[in-house]
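Q: Please take a close look at a single part of this structure and tell me what surrounds it. After that, I would be glad of a look at another region for contrast.

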Amino acid sequence: MGKSKDIYYPSKKVVENATVKDYDKLYKKSVKDIEKFWAEEAKRLEWFKPWNKVLDDSEFPFYKWFVGGKTNIISNAIDRHLKTANRNKLAIIWEGEPGDIKTYSYHALAREVCEFANVLKAMGVRKGEVVTIYMPQIPEQVFAMLACAKIGAVHSVVYGGFSHEAIAERVNDAKSRVIITADGGYRRGKPTQLKEIVNKAMEIAPTLEICITVKRTGEDVYMENDRDYWYHELKSLPIAGHSCGTEEMDAEDPLFILYTSGSTGKPKGLVHTHGGYSVYTSATHRMVFDIKPEDRWWCAADPGWITGHSYLVYAPLINGATLFMYEGAPNHPYPDRWWRMIDKFGINILYTSPTAIRGLMRYGESWVTKHDLSSLRLLGSVGEPINPEAWKWYYRVVGQERCPIMDTWWQTETGGFVITPLPITPLKPGSATKPFFGHEIAVVDEDGNEVAPNEVGALVLKNPWPGMARTILNDPERYKDTYWKKFEEKRWYHAGDSAKKDEDGYFWIIGRSDDVIKVSGYRLGTAEIESAVVSHDAVTEAAAIPLPHELKGNAIHVYAILKEGVSPSKQLEKEVKDHVAQVMGPIAKPEEIVFVDSLPKTRSGKIMRRVLKARALGEDEGDLTTLDD
């Protein structure tokens with residue numbers, strides 16, 4: 001790969017092997033007729049019955065794709081491979097943190113998924129019912145997701161680091177009757193207590209009737225009769241046969257719900273569908289990462305987040321790749337754990353977050369260079385904008401200056417990549433580069449006028465796309481207000497991120513423009529964090545802001561007002577931090593809590609977090625005309 005003025009050009013070899021050879025030509029074609037473009041992509045997949053209309057935009061913003069089409073994501077992710085040589089190909093290679101290894105061919109994966117599907121059916125799970133999954137990164141987590149999809153149930157995966165309150169909140173919203181978990185998983189050499197957390201959640205989630213538990217760590221856990229079932233015991237019964245039909249679904253039937261933190265109040269359950277999501281994730285994955293039949297693909301995200309759904313589970317399987325999964329921490333027992341596994345399994349593509357890269361950078365280059373990483377062909381980045389320093393280290397040390405970095409911008413709401421390079425794209429460290437096909441994207445001011453090059457504005461997507469979330473579960477009004485209201489007349493999707501576009505048409509994402517904090521690539525709502533702080537007996541009011549952090553990208557800093565008669569202390573700060581970690585999960589633990597007497601507010605009582613942030617960073621506080629005090 002050549003370099004000039006901080007632009008990195010792909011090598012001749014990369015360009016020759018690329019799936020897409022001419023970005024500009026295909027891009028023009030894709031935006032000129034988006035329906036034709038997406039119909040051609042959809043034809044690569046198998047359908048029980050073809051669609052009669054590609055896009056129905058009559059009920060804006062509730063778009064429908066491939067209307068009238070009948071499909072099931074499983075018929076493309078598993079069933080069609082069983083009719084080809086892929087049936088004997090490895091679908092999954094998995095390594096547990098203690099070092100245990102399991103592999104599954106597409107044929108073996110199909111059997112596992114059928115068994116899990118039959119167990120769910122025996123538990124009375126019906127088409128359209130929401131099943132909650134709270135598990136470590138083990139193969140059964142993937143089997144459970146695929147089994148739900150196969151029988152037409154809707155999965156709601158909750159990240160295994162969340163607290164029992166966070167699980168209960170999501171379960172209560174989705175009215176789940178069945179939850180799937182494990183006794184625990186391994187993290188930094190210790191078993192996590194997942195079943196214990198689920199037991200607590202079940203006490204405050206009245207709709208839950210059944211808990212299916214996978215045995216992973218062998219720790220003692222409390223099991224209640226007629227409520228709790230061991231998966232291995234159910235699997236040994238005649239109910240769990242090796243064959244199970246794939247339910248025929250409408251293209252617009254829900255496939256999964258995934259909760260994402262909003263800037264206000266409770267998490268939003270975003271609904272994704274079988275048809276459009278299958279087409280969009282598989283197309284983006286195939287073109288951006290140039291997926292070849294012999295590829296061993298590693299997306300290091302947990303399936304508890306959208307990246308894990310789209311690019312660890314569904315897209316790689318639809319595209320017939322071999323996916324790699326790892327259960328534990330990147331630096332356990334040593335900081336070369338990842339590089340050792342890439343060497344051992346011959347991984348071709350690594351897709352991970354800037355947080356992970358920065359974390360591993362800390363340990364220096366020698367941990368990386370002592371392993372043979374010559375199998376790597378492409379690298380990827382996801383979750384937040386990658387700072388140029390980390391980009392260059394990733395490119396130079398991990399990719400040995402021959403692997404282009406696909407720095408992708410997208411959201412839970414989009415289902416798949418929206419702004420992204422292709423292997424043939426000249427790269428600028430820190431820029432997500434250009435729009436994916438079918439997308440017309442702009443950076444605009446408050447009134448919807450495009451801003452000048454290199455000026456910061458709001459990111460908007462002008463066209464609908466098949467992978468888009470269809471609504472927020474039980475709250476279509478909130479879906480409209482959150483994403484579409486601001487530029488309703490123009491029918492633009494308002495991403496909620498600020499960005500700039502340079503003179504070459506490259507996009508640079510600045511960050512969230514609303515009150516969402518991204519820590520290690522995970523989105524946490526300031527409202528959720530603040531309510532967790534205030535739920536501590538000593539605190540009466542709080543404001544949370546993100547401040548730059550060398551490893552996490554952002555860290556949470558909290559300003560809190562104490563109740564009358566309570567004195568600030570280091571001990572109290574520690575107590576409140578631990579309390580937040582307990583209420584929301586360790587990911588939300590604040591870096592620092594500063595006890596203050598007052599908070600900057602607008603006259604309508606809204607906390608001006610940007611003022612707190614500017615003060616903390618020693619920057620200009622901007623327009624203070626609405627400040628009350």
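A: Helices here are DSSP runs of H or I with at least four residues, strands are runs of E with at least two, and both are numbered from the N terminus. With that in hand, let us start from a tryptophan, keeping in mind that this is a predicted model.

W305 sits in the loop between β18 (296-299) and α11 (306-318). Is this residue W305 buried or exposed? W305 has a relative accessible area of 15%, and because buried means under 20%, W305 counts as buried.

Which residues does W305 touch, once its neighbours within four places in sequence are left aside? The contacts are Y159, F162, L258 and Y522. By contrast, Y493 lies 188 residues from W305 in sequence, with 21 Å between their C-alpha atoms.

W305 also takes part in lining an enclosed space. The model has 3 cavities of 30 Å³ or more, and the largest holds about 50 Å³. Lining this largest cavity are V157, V158, Y159, F162, R170, L258, Y259, G304 and W305. Y159, F162 and L258 thus appear both in that lining and among the contacts of W305. By class, the lining of the largest cavity divides into 7 nonpolar residues, 1 polar and 1 charged.

Let us follow V157 from that lining into its strand. β9 covers residues 154-157. V154 and S156 point one way from β9, H155 and V157 point the other way, and all of them are buried. Strands of a sheet pair through backbone hydrogen bonds, either parallel or antiparallel. β9 pairs in the parallel sense with β8 (residues 130-134), over 4 bridges. One of the bridge partnerships joins V131 to H155 in β9.

For comparison, here is the second largest cavity, with a volume of about 40 Å³. D173, K266, P267, K268, G269, I472, L473, D475 and R478 form its lining. The class count for this second lining is 3 nonpolar, 1 polar and 5 charged residues.

Now to the other region, an open sheet of 3 strands in the order β30-β31-β32, with mixed pairing. At its edges are β30 (539-549) and β32 (592-595), each of which pairs on one side only. From one strand to the next, the twist averages 25°.

β30 runs antiparallel to β31 (residues 553-562), with 10 bridges between them, and P546 has I556 in β31 as its bridge partner. Helix α17 (residues 526-534) packs on this sheet and touches β30 and β31, its direction making about 135° with that of β30. Helix α19 (residues 609-617) also packs on the sheet, touching β30 and β31, but at about 55° to the direction of β30.

A hairpin through 3 residues connects β30 to β31. On the pairing of β31 with β32, the two strands run parallel and are joined by 4 bridges, with Y559 standing opposite V594 in β32. Why is β31 largely enclosed by the rest of the structure? Because 9 of its 10 residues are buried.

Notes:
Residues numbered from 1 in each chain as written. Predicted model: local features only at pLDDT ≥ 70, side-chain atom pairs only at ≥ 80, totals over all residues. Heavy atoms only, no water. 1 Å grid on protein atoms, 1.4 Å probe; cavity = no way out; pocket = protein on both sides within 12 Å on 5 of 7 lines; lining within 4 Å. Points joined across faces, edges and corners; volume = space filled by probe spheres on them. Nonpolar A, V, L, I, M, F, W, Y, C, P; charged D, E, K, R; others polar. Pairing = 2+ DSSP bridges. Axes fitted to C-alpha atoms, helices over the stretch in contact; angles between N-to-C directions. Contact = heavy atoms within 4.5 Å. Buried < 20%, exposed > 50% of the residue type's maximum accessible area, 1.4 Å probe, protein only.
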